[in-house]
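Me: I'd like a close look at one contact in this model. Start there, then show me how its surroundings are put together.

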Amino acid sequence: MITLSKVTSITGEEGNFTVTVKKYPRYVDMDACIACGTCAEKCPAKVVDEFNEGLAKRKAIYVPYAQAVPLKYAIDRDNCIYFQKGRCRACEKFCPTKAIRFDDVETDITLQVGSVILTAGFTPFNPAKFDNYQHARFPNVVTSMEFERILSAGGPFAGHVKRLSDGVEPKKIAWLQCVGSRDMNRCDNPYCSSVCCMYAIKESVIAKEHLGKDFQPTIFYMDMRTHGKDFEKYYDRAREEGVRFIRSRVHTITEVDASGTLNLAYVSDTGKRVEEEFDMVVLSVGMEPAQSGIDAANILGIELNPYRFVKTADTSPVSTSRKGIYVAGSLQGCKDIPQSVVEASAAACQASVSLSSARGTLVRDKIFPAELHVAADTPRIGVFVCNCGINIGGIADVPAVAAYAKTLPHVAYVEEDLFACSQDTQEKMVDVIKKEKLNRIVVAACTPRTHEPLFQETIRNAGLNAYLFEMANIRNQCTWVHSQEKDKATAKAKDLVRMAISRASLLEPIPDLSVPVSKTALVIGGGIAGMTAALSLANQGFSATIVEKSGILGGAALDVLHTWKGEDVPSYLNDLIRDVSANSNITVLLNAEVIDASGFVGNFETKVRRNDSIQTILHGATIIATGGKAARVDEYGYGKNPRITRWHDLENNPEMLADANSVVFIQCVGSRDENRPYCSRICCTTSMMQAIAIREKSPDTSVFILYRDIRTFGERELLYKKARELGVVFIQYSLDKKPVVTETPDGLLVDVFDPVLQQPLQIQADLVNLATAIESAPNEDIAGFYKLPLNAEKFFMEAHAKLRPVDFASDGIFVCGLAHYPKPIDESIAQAMAAAGRAATVLSKTAISVSPLVSKVDTGKCIGCGLCAEVCPFGAIILEDADGKGYRAKNISASCKGCGLCAASCPQKAIEMLHFKDEQILAAVCAAGR
Amino acid sequence: MENFEPKIVAFLCNWCAYAGADLAGVSRLQHPSFMRTVRVMCSGRVDPIFIIQALKNGCDGALVAG
Amino acid sequence: MSNSSPIGSVLVVGGGITGMQSALDLAESGYYVYLIEQSPAIGGAMAQLDKTFPTNDCSM
């Protein structure tokens, strides 16, 4: 990891690039800095804090935020008094580890790499330059990024929402959507930023949690675009919780009085001019590509699109114009966190395809000395009490704590350290352990959550098993939170050390645990997603088996003619099917169905039925790509009249359009209603493309689109703009006033209420095309076999909606395509590549190390009641038939996450949780009370 | 009873409540010092016997958070 | 691709959520990763958001 750096040049080609990177000076020695914060406390220079969007101050020597990685200070040269005026150096004087380096200089680093991935992200749109938003003039007009910081418990007001003008809690806040998006008059960003509708709803709901039930949030919008997975339900819930949504663009903001209250003027949906007062206004600012990303793209020599995002094709969504250089995230186009994470894994997958022959050549496993056998020895505990500079030693009496530790049973050695985590102390610790023949180690310092791995590595270097180690958290949970009560902090530190020593004396070594990996993947589903995933793995040298239910490959894409950027889908699909069929690493099983599965990461066993024969496939990873399809509905007369069609029927039967004078598209048919409370994401764009094609071919044909909200997210907005310019008529309808289609002798009649004219309209139509909901495949069986969760609409539920969009909570199983949620082809391909990339993290290993902190069943005591298997959230305990003795519980170590629920619930006490055995926990518990 | 200081044993889940207690430290949120933390990998690991033993061994209360 | 064998390392430019995920995936599949970030710390825009921030972990 290289911080404070920029790419300055690149030469070479795919597989062998030489990149130079300029590294700017930090002026702080990263190895010496222990992030104690003394420097920032003493630094006299106050600087605007960009992390808090300018709402707070930081110092000239700083970490951007409390959880920053690396947690090391840096000097901001432009604001440092010493650099600007030649005097000060307070930080240097007070730094306890002498980490300040005023003589640090810029350096150039040359790197040899096989691929490059560009992920420089976005910049929030800056509304200050436009006077209509009044952001620069009125303190109570803030941007959404500023409001995020205002809401944050770690922000400038510690999560207390207040107005910037007078510090008063707001009663009414208005969010204004599409600031810096969908606007050609002022900001010239014609695209939709995709994320603002959702974050505005989130901010309004959280603000309501902070401010109570009298708080009135209002969102002014053009179209609400909640097209992501489970977003529509969030929108529904926000309305129920009292968030007011008004379809209008606010045209004038004025201040009404000296306190800063604002007056908003807008035109209501019935055409009336309205004025209303609000305490605050939040501008939902859009995204622009980061300047640093544009600069890097120019240096790397890759093409940008007209809006300065990195140019990509729908069928190769993470490849740039230069081979070997890939892009992911919001630098490619506006998108939310899950889609960015998907692309990140997709880019990692693509970057490694061309390098697969060099896999593993530049990484090395660390080798530790052989472990000493100390399990049977009497405990000789070494205790290291850390001062953490003054963080602990300045409050608790560390010499007294150390002296007390010496008096406790089994303690053989005690020392005090200024910084237990520093490099030199680590080396010293290894020597002491060997010299004093210590066999259990206690470090009383900060939190094990950050520092346990470091100390475990240290004791392994001394030949001890990593689990013969315990920490006493006397900083985060003691001196930092009891800094006004020094005596009590010392007493508590003594108790915590006693508890740790008591537990340490009972700790046992636990051997490493690893499971072998079968280097092949099973892909369920042979659509674009499944085939892309299989091919991405095959091209990296792994074998894959595709199980397809139907008799042909292609899936839902067989009906599609173009991607939204206009790329030809049938020829792409032909090439893909040809590549998959010709690849010797891929086996395709058509007319095949999964009928049972068992196993865990690295070692799955799946039974597949094909025709009448059943085969068992062993595989290390599983990719779920079961797809989805457009629903058949009986609404609007579908199925009763050949002039009423759905989705791609008209495109695929162009003769139907030949003599049509009027075509009506109806959106949200079966989506966003009670039965399917989700948005199908792709229908607006699809109807838009068809409407454009009709008007371009025959400008005399009238085309109407009846919609609820137009959701042409991202640069798809340009299609909406083009359709309007071509004279497509858009009429908005609401759920309680749905259009009505009736058959007449000369065709069809569509009745709809026009909200702009405030009166009903009647449209003579030759054809009515329905954008019906995209449904999931019947996924219940697959979900049952692999124990995977489904959401209410039977789409697979990923492990984490934001951070793990292709993973499941169970390791080694991944999801992509329509099986996850309705999505366009480019997103399905990206997600398939991501699933393959994630699967490669499993398949590239010969064995997977898993945490050895697992439960152990004593089959002698087990009575086979099955309670443990019932409570285990990870499917890690199964019941096995024990010849003639009924059932016995068995732990699947590879699936066990070490929570210990089984141990706590076992009525026979037949299950032990390693490292958290009853007696080990009780040792600490009993020591606490004394 | 005025000067009574209880001793509370707190079973905190490593992934949430324990992390929260750490964060309270990072944020320097001051609070009374009578809590003694036992870290567990899940609050579901806490067997009722642990609580009984805590009370028997001189603790005045127990907190399970996760 | 060049004639000689490729280099088993990848440069990731940008230390936001996207860059971190790419870097982790590559490192876990056997490639050496250089992650470069222009600011003093990784995390990107997501670190600024209130809520949706469970781990703070880059695991590098």
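Which residue of chain B forms a salt bridge with A:Lys909, and how far apart are the closest N and O atoms?

Reply: The partner is B:Asp47. Its closest approach to A:Lys909, N to O, is 2.2 Å. Keep in mind that this is a predicted model.

Take the A–B interface next. The salt bridge of A:Lys909 with B:Asp47 belongs to a boundary where the count is six salt bridges. Chain A puts 41 residues into this contact, and chain B puts in 40. Together chain A and chain B bury about 3300 Å². Of that area, 57% is on carbon and sulfur atoms. On the chain A side, three residues lose the most area to chain B: A:Arg449, A:Gln477 and A:Trp480. Those three account for 18% of what that side buries.

Now chain B itself. It has two helices and three strands. Along the sequence they run β-α-β-α-β. The C-alpha atoms of chain B fit a box of roughly 30 × 30 × 10 Å along the principal axes.

What about chain C? Chain B and chain C do not touch, and their nearest C-alpha atoms are 9 Å apart. Two pairs of chains touch, and the pair with the most contacts is A and C. Here 75 residues come from chain A and 46 from chain C. The buried area is about 5200 Å² for chain A and chain C, with 62% of it on carbon and sulfur atoms. The salt-bridge count between chain A and chain C is one. In it, the side chain of A:Arg838 meets that of C:Asp25 at 2.5 Å, N to O.

A helix pair lies at this A–C boundary. Helix 8 of chain A packs on helix 1 (residues 17–28) of chain C at an angle of about 35°, with the axes 8 Å apart. The crossing of helix 8 of chain A and helix 1 of chain C is right-handed. From helix 8 of chain A, the contact uses A:Ile337, A:Ser340, A:Val341, A:Ala344, A:Ser345, A:Ala347, A:Ala348, A:Ala351 and A:Ser352. From helix 1 of chain C come C:Ile17, C:Thr18, C:Gln21, C:Ser22, C:Asp25 and C:Leu26. By class, the residues of this contact are eight nonpolar, six polar and one charged.

Helix 8 has a partner within chain A as well. Helix 8 (residues 337–353) packs on helix 20 (residues 825–843) of chain A at about 60°, with the axes 7 Å apart. That angle makes helix 8 of chain A oblique to helix 20 of chain A. The crossing of these two helices is left-handed. Helix 8 contributes residues including A:Val342, A:Ser345, A:Ala346 and A:Cys349. Helix 20 contributes, among others, A:Ala830, A:Met833, A:Ala834 and A:Gly837. A:Arg838 is one of the helix 20 residues in this contact, and its side chain forms the salt bridge with C:Asp25. The contact of helix 8 with helix 20 divides into seven nonpolar, five polar and three charged residues.

Another pair in chain A runs in a contrasting way. The axes of helix 13 (residues 486–504) and helix 23 (residues 918–929) of chain A come within 8 Å and cross at roughly 150°. So helix 13 of chain A is roughly antiparallel to helix 23 of chain A, because angles over 145 degrees count as such. The crossing of helix 13 and helix 23 of chain A is right-handed. Helix 13 brings A:Asp495, A:Arg498, A:Met499, A:Ser502 and A:Arg503. Helix 23 brings A:Gln920, A:Ile921, A:Ala923, A:Ala924, A:Ala927 and A:Ala928. The tally for this contact is six nonpolar, two polar and three charged.

Finally, back to salt bridges. Over all chains the structure holds 56. One of them joins the side chains of A:Lys565 and A:Asp314 at 3.8 Å, N to O. A:Lys565 sits in the loop between strand 26 (543–547) and helix 15 (569–582) of chain A. A:Asp314 sits in the loop between helix 7 (291–300) and strand 19 (325–327) of chain A. So the pair ties together parts that are 251 residues apart in sequence.

Notes
Residues numbered from 1 in each chain as written. Chains lettered and ligands numbered in written order. Predicted model: local features only at pLDDT ≥ 70, side-chain atom pairs only at ≥ 80, totals over all residues. Heavy atoms only, no water. Axes fitted to C-alpha atoms, helices over the stretch in contact; angles between N-to-C directions. Helix = DSSP H or I, 4+ residues; strand = E, 2+ residues; numbered from the N terminus. Parallel < 35°, antiparallel > 145°, perpendicular 65-115°, else oblique. Left-handed = near helix turned anticlockwise from the far one by under 90°. Contact = heavy atoms within 4.5 Å. Nonpolar A, V, L, I, M, F, W, Y, C, P; charged D, E, K, R; others polar. Buried area = accessible area lost by both parts, 1.4 Å probe. Salt bridge = Lys/Arg side-chain N within 4 Å of Asp/Glu carboxyl O.
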